[in-house]
Amino acid sequence: MMSPALVATGYALATVLITGTQNITIRLAADDGANAFLVVLFRNLFGLLSAVAIILWTQRSLPRSRFAMPIALTCLVHVASMASGYYGISVLPLNESAALAFAMPLFATAGAALFLGEAVRARRWSAVAAGFAGVLVILRPGIIPLEPGALMVLLSAMLGAAITLLFKRFVAREQAMTLIVYQTLFSTLLSVPPALAAWETPTGYAAAMMVANGVLGTLGWITFLRACMLADAS
């Protein structure tokens, strides 16, 4: 029988794979004219619909959450993280935005030690230091001008790390699918006003990419929260 740590590693790797695929769909939608606010709305709306479909198929009834208000507040951070990250992906080369996005687990590891009291050993701190050194190599501050897109991706990584720490607290007391339904519901409501303000009717291809992004987002949340249930956030 596999250990919880090994299973958590599998879920975490699956999350990384899904997130990488999402980044491709985001860039393809952006290249076809979809703006970041529209991508955020489609991601949340179709993430919500796919989460509800999974629950109705497996449980036959929608769950109620004991933490609806705290989840709603975290969604403010989550929507900001998505909007900034999606903008960065739309204007940067995909390999550069993907590399910068991997600063998120670095921020999460440091935050887990500072705010969750998790024990982070020297080996993990050395990996964090090496990761931040890699970020500096990509950005080359003082050598080349900092691009707004790169700063947006880093902002998204910092906010995403905050979401990781916040949801780590929730998973011990709430089912994963309940968290996903409420998270996508509140995020959809929050993303409607900016999307309407910047509305541009997407092409069929861009819409398909954004729908795929939403479905993949739900799958990524499932694997991510399963990993959080079995292992430390760091």
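**Exercise 1. Compare the span of helix H1 with the expected one.**

Step 1. Helix H1 covers residues 4-31, and its 28 residues should span 40 Å at 1.5 Å a residue. The expected span is 1.5 Å times one less than the number of residues. Helices here are DSSP runs (H or I, at least four residues), numbered from the N terminus.

Step 2. The end C-alpha atoms of H1 are 41 Å apart, which agrees with that expectation.

Step 3. After H1 comes Gly-33, with a positive phi near 105°.

The model is predicted: local features need pLDDT of at least 70, side-chain atom pairs count only at pLDDT 80 or more, and totals for chains, interfaces and linings use all residues. Residues are numbered from 1 along each chain as its sequence is written, and side-chain values use heavy atoms, with hydrogens and water left out.

**Exercise 2. Determine which elements the buried residues of H1 pack against.**

Step 1. Buried means under 20% relative accessible area, exposed over 50%, and partly exposed in between (1.4 Å probe, protein chains only). The buried residues of H1 include Ala-8, Ile-18, Asn-23 and Arg-27.

Step 2. Contact means heavy atoms within 4.5 Å. The buried residues of H1 pack against H2, H3, H4 and helix H9 (204-230).

**Exercise 3. Describe the surroundings of Val-40.**

Step 1. Val-40 belongs to helix H2 (residues 36-58).

Step 2. Its relative accessible area is 3%, so Val-40 is buried.

Step 3. Leaving aside residues up to four places away in sequence, Val-40 touches Val-79, Met-82, Ala-83, Tyr-86 and Ser-191.

**Exercise 4. Assign the two sides of helix H6.**

Step 1. Helix H6 (residues 122-139) has 18 residues and reaches 26 Å from its first C-alpha to its last, close to the 26 Å expected at 1.5 Å a residue.

Step 2. Val-128, Val-135 and Leu-139 are the buried residues of H6. They cover an arc of only 30° around the axis, which puts them on the same side of H6. The arc is that of the directions from the helix axis to the C-beta atoms.

Step 3. The other side of H6 carries the exposed residues Ala-122, Arg-123, Ala-130 and Val-137.

Step 4. The buried residues of H6 pack against helix H4 (94-101), helix H5 (104-115) and helix H7 (148-170).

Step 5. Arg-140 follows H6 and has a positive phi, near 50°.

**Exercise 5. Classify Leu-73 by its accessibility.**

Step 1. Leu-73 is in helix H3.

Step 2. Leu-73 has 51% relative accessibility and therefore counts as exposed.

Methods: Helix = DSSP H or I, 4+ residues; strand = E, 2+ residues; numbered from the N terminus.
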